[in-house]
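Grab a pencil and work through these exercises with the model open beside you. Each task comes with a solution, taken one step at a time.

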Amino acid sequence: MTCNTDWVKKAYVQYTEKRQTLNNLRDEHGLSSRTIQKRFDRYEAVTGEIRVPDHPVNLVVDATFFSRRDGVLVARAEGRNLLWREIETESIAVYELFLRDLTAAGVVMLSCTIDGRRGVLQLLQRMFPGLPIQLCQFHQMKTITGYLSTRPKLAAGQELRRISMTLTRTDRIGLQKDLNAWHERWKDFLKAKTSHPTSKRWWYTHRRIRSAYGSLMRNLPWLFTHQDFFELHIPSTTNSCDGSFAHWKAKLGIHRGLTTQRWRKMLHYLLEHT
């Protein structure tokens with residue numbers, strides 16, 4: 001069989017976007033796995049072009065990591081990735097450079113939905129004054145679960161978790177009302193302190209519950225931006241990115257043991273094509 005460019009392109013789609021392994025392709029096309037891999041290595045699968053829409057978009061920006069220092073930061077809109085960068089850390093400096101690259105490329109934002117990282121929120125406010133910013137409601141609920149667990153032992157924690165789980169079914173006024181009522185009911189409980197037996201040091205006894213409440217109160221102004229600008233159809237979560245992250249990790253997981261160069265090539269292909 002002739003291994004021309006068209007065949008390699010089709011086979012690489014089977015290899016990355018489908019569930020075909022080299023052994024599957026070998027059996028289907030009558031070529032050795034080694035030969036197929038050599039063809040893949042020479043195939044220029046990624047163009048590297050920034051996908052700039054010709055109109056303003058509701059941007060979703062999020063990052064994921066495949067290992068401790070192997071991550072990717074993605075800007076996504078309308079079901080496709082506009083820009084991505086490999087990253088080793090989610091520092092504010094990384095985000096700032098990424099946002100400047102987006103702007104320089106000509107991407108115009110109607111809004112931006114982010115996971116809730118405080119420094120990124122402040123960065124967006126500084127770089128794009130007046131831009132509607134939505135904090136991901138799903139990430140907010142995960143943050144509360146991180147503080148309280150899925151089954152809090154104390155009644156105050158149980159009530160606060162129930163309130164936080166209504167995020168997708170309420171509005172800012174409703175959530176504020178529920179949080180105010182909760183705080184009034186538990187304000188003395190939240191003031192409880194624990195002292196070190198031999199020193200003057202002390203700390204709040206229920207620090208994790210206080211932190212969960214504090215997180216909701218701090219982020220409240222940006223958890224319902226999608227309702228404030230209903231006509232813009234702003235995504236209330238970063239699920240567009242999160243779903244893609246899970247998809248990419250699953251595809252890469254099928255081909256465990258790839259060299260770094262081949263792994264990176266496949267990742268960038270998935271970023272550009274899915």
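Before starting, one term: helices here are DSSP runs of H or I with at least four residues, numbered from the N terminus. Keep in mind as well that this is a predicted model.

**Exercise 1. Find out which helices supply at least two residues each to the lining of the largest pocket, and describe that lining.**

Step 1. Start with the space itself: the largest pocket has a volume of about 190 Å³.

Step 2. Now look at its walls. There are 13 lining residues, and those nearest the centre are Asp115, Gly116, Arg117, Thr143 and Asn219.

Step 3. Match the lining to the helices. Helix 6 (137-148) and helix 9 (207-219) each give at least two residues. Helix 6 has the largest share, with four residues.

Step 4. Sort the lining by character: you get six polar, four charged and three nonpolar residues.

**Exercise 2. Search the whole structure for cavities of 30 Å³ or more, and work out what lines the largest one.**

Step 1. Count them. At that cut-off of 30 Å³, the search turns up one cavity.

Step 2. Size it up: the space in the largest cavity comes to about 60 Å³.

Step 3. List the lining. From the N-terminal end of the numbering, you meet Tyr12, Tyr15, Gln37, Phe40 and Asp41, and then Leu258, Arg262, Lys265 and Met266.

Step 4. Assign helices. Helix 1 (5-16), helix 3 (33-42) and helix 12 (260-273) each bring at least two residues to this lining.

Step 5. Sort by character again: five of the lining residues are nonpolar, three are charged and one is polar.

**Exercise 3. Work out the order of the five strands in the open sheet, and say which strands stand at the edges.**

Step 1. Read across the sheet: the order is 3-2-1-4-5, with mixed pairing.

Step 2. Check the ends. Strand 3 and strand 5 (133-135) each have a single partner strand, so each has one side without a neighbour in the sheet.

Step 3. Look at the twist: on average, neighbouring strands are turned by 20° against each other, ignoring direction.

**Exercise 4. Trace how strand 2 and strand 3 pair.**

Step 1. Get the direction. Strand 2 (residues 70-77) runs antiparallel to strand 3 (residues 80-87), and seven bridges join the pair.

Step 2. Pick out partners. Val72 is bridged to Glu86 of strand 3, while Leu73 has Arg85 as its bridge partner there.

Step 3. Finish at the turn. Two residues lie between the strands of this hairpin, where Glu78 takes a positive phi near 55°.

Conventions: Residues are numbered from 1 along each chain as its sequence is written. This is a predicted model: local features need pLDDT of at least 70, side-chain atom pairs count only at pLDDT 80 or more; totals for chains, interfaces and linings use all residues. Side-chain values use heavy atoms; hydrogens and water are left out. On a 1 Å grid over the protein atoms alone, a cavity is a set of points where a 1.4 Å probe fits but cannot get out, and a pocket is an open set with protein on both sides within 12 Å along at least five of seven lines; lining residues have an atom within 4 Å of a point. Grid points are joined across faces, edges and corners, and a volume is the space filled by probe spheres set on the points. Ala, Val, Leu, Ile, Met, Phe, Trp, Tyr, Cys and Pro count as nonpolar, Asp, Glu, Lys and Arg as charged, and the others, Gly among them, as polar. Two strands pair if DSSP finds at least two bridges between them. Axes are lines fitted to C-alpha atoms, for helices over the stretch in contact, and angles run from 0 to 180 degrees between N-to-C directions.
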